[in-house]
Amino acid sequence: MKTIGLIGGMSWESTAHYYRILNQETAARLGGLHSAPVIVHSLDFAPIAAMQSEGRWDEAGRQLAEIAAGLERAGAEVIGLATNTMHKVAEPILEAIDVPFVHIAEPTAEALLADGFGRVGLLGTRFTMEEPFYCDRLRQRGLEPLVPEVDHTNLNGIIFEELCRGIVREESRRAYVTAIERLAARGAEAVILGCTEIGMLIDDSVSPLPVYDTTELHAKALVEAALA
């Protein structure tokens, strides 16, 4: 099995879920005491969040590209970026490494298409919902993404002010369920949890639409790539 390099810390809450899923999936596939060989570079999220809010994407891209290259030098043979939003700067990461990079939107699109879905809701940070980098990737795969028409600020705030700090509130869960209900009313057939923390709030037991959790799908795809 190849060594997985994981760029994490954005936030550390979801990176912890990645680490658990990587090892659970490896054990499920290989059995016994097998676990995933993983090198994690966990960033301080505060400076990255500041770059996001101030539009300093080029600076963030350079930093993540350097980290990815460092993971490759340390022995990583496949790289994953444990956040949806920062895939806005996936291109400089790809340019900095020679090993495979697993884009978080790809296994999500594959799972949706395999299940026969076309029109899908997308929830995430306001950057993921409002900027084209993520929706365009889904459209290239033949999907029709829908984002909430309202409540971007509220949904974004729940991610940064609560979930990234490990706070899970029933009121916030209801806000997300309402957003999913509105997407369903517009024709969404399923919903993408397009932020790696939203799975802390929403799963199939509470969602009015089938849920596709990018954290779980991405982590499992990284194991698949490492075993290929």
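These legends go with a set of close-up views of a predicted model.

The model is predicted, so local features need pLDDT of at least 70 and side-chain atom pairs count only at pLDDT 80 or more, while totals for chains, interfaces and linings use all residues. Residues are numbered from 1 along each chain as its sequence is written, and side-chain values use heavy atoms, with hydrogens and water left out.

**View 1. Threonine 215, a buried residue in helix α10.** Threonine 215 sits in α10, which covers residues 214-227. Helices here are DSSP runs of H or I with at least four residues, strands are runs of E with at least two, and both are numbered from the N terminus. The relative accessible area of threonine 215 is 2%, so the residue counts as buried (buried is under 20%, exposed is over 50%, partly exposed is in between, using a 1.4 Å probe and protein chains only). Its side chain gets to 2.9 Å from the backbone oxygen of threonine 196. Leaving out residues up to four places away in sequence, threonine 215 touches Ser14, His17, Tyr18, Ile21 and Thr196 (contact means heavy atoms within 4.5 Å).

**View 2. Helix α1 crossing helix α10.** Zoom out from threonine 215 and you get the packing of α1 (residues 12-30) on α10: the axes come within 9 Å and cross at roughly 45°. Axes are lines fitted to C-alpha atoms, for helices over the stretch in contact, and angles run from 0 to 180 degrees between N-to-C directions. The two helices are therefore oblique to each other (under 35 degrees is roughly parallel, over 145 roughly antiparallel, 65 to 115 roughly perpendicular, and the rest oblique). The crossing of α1 and α10 is right-handed. On the α1 side the contact includes Ser14, His17, Tyr18 and Ile21, and on the α10 side the residues include Thr214, Thr215, His218 and Leu222. A crossing is right-handed if the near helix is turned clockwise from the far one by less than a right angle, and left-handed if anticlockwise.

**View 3. Helix α5 and its surroundings.** Seven of the 10 residues of α5 are buried, so this helix is largely enclosed by the rest of the structure. The buried ones are Ala105, Glu106, Pro107, Thr108, Ala109, Ala111 and Leu112. They pack against β5 (119-123), α7, β7, β8 (211-213) and α10. Just after α5, glycine 116 has a positive phi of about 85°.

**View 4. Helix α5 against helix α7, with a salt bridge.** The axes of α5 and α7 are 10 Å apart and the packing angle is about 40°. That makes α5 and α7 oblique to each other, and α5 passes α7 in a right-handed crossing. Ala105, Glu106 and Ala109 of α5 make the contact with Tyr134, Arg137 and Leu138 of α7. Two of these residues, arginine 137 and glutamate 106, also form a salt bridge at 3.0 Å, N to O (a salt bridge is a side-chain nitrogen of Lys or Arg within 4 Å of a carboxyl oxygen of Asp or Glu). Arginine 137 lies in α7 (residues 132-140) and glutamate 106 in α5 (residues 105-114), so the pair ties together parts that are 31 residues apart in sequence. Arginine 137 is partly exposed, at a relative accessible area of 28%.

**View 5. More salt bridges.** By the salt-bridge rule, the count comes to 14. One of them joins the side chains of glutamate 59 and arginine 56 at 2.7 Å, N to O. Glutamate 59 is partly exposed at 31%, and arginine 56 is partly exposed at 30%. Another pairs arginine 186 with glutamate 149 at 3.7 Å, N to O. This pair links distant parts of the chain, 37 residues apart: arginine 186 is in the loop between α9 (170-185) and β7 (190-193), and glutamate 149 is in the loop between β6 (144-146) and α8 (152-161). Arginine 186 is partly exposed at 28% relative accessibility, whereas glutamate 149 is exposed at 64%. Salt bridges with shared partners also join Glu25, Arg29 and Glu224 into one network.

**View 6. Alanine 96 in helix α4.** Alanine 96 belongs to α4 (residues 90-96) and counts as partly exposed, with 34% relative accessibility. From alanine 96 to glycine 70 is 26 residues in sequence and 9.6 Å in space, C-alpha to C-alpha. Neighbours within four places in sequence aside, alanine 96 is in contact with Ala65, Ala69 and Glu72.

Conventions:
Polar contact = N/O pair within 3.5 Å; in protein donor to acceptor, adjacent residues only side chain to side chain.
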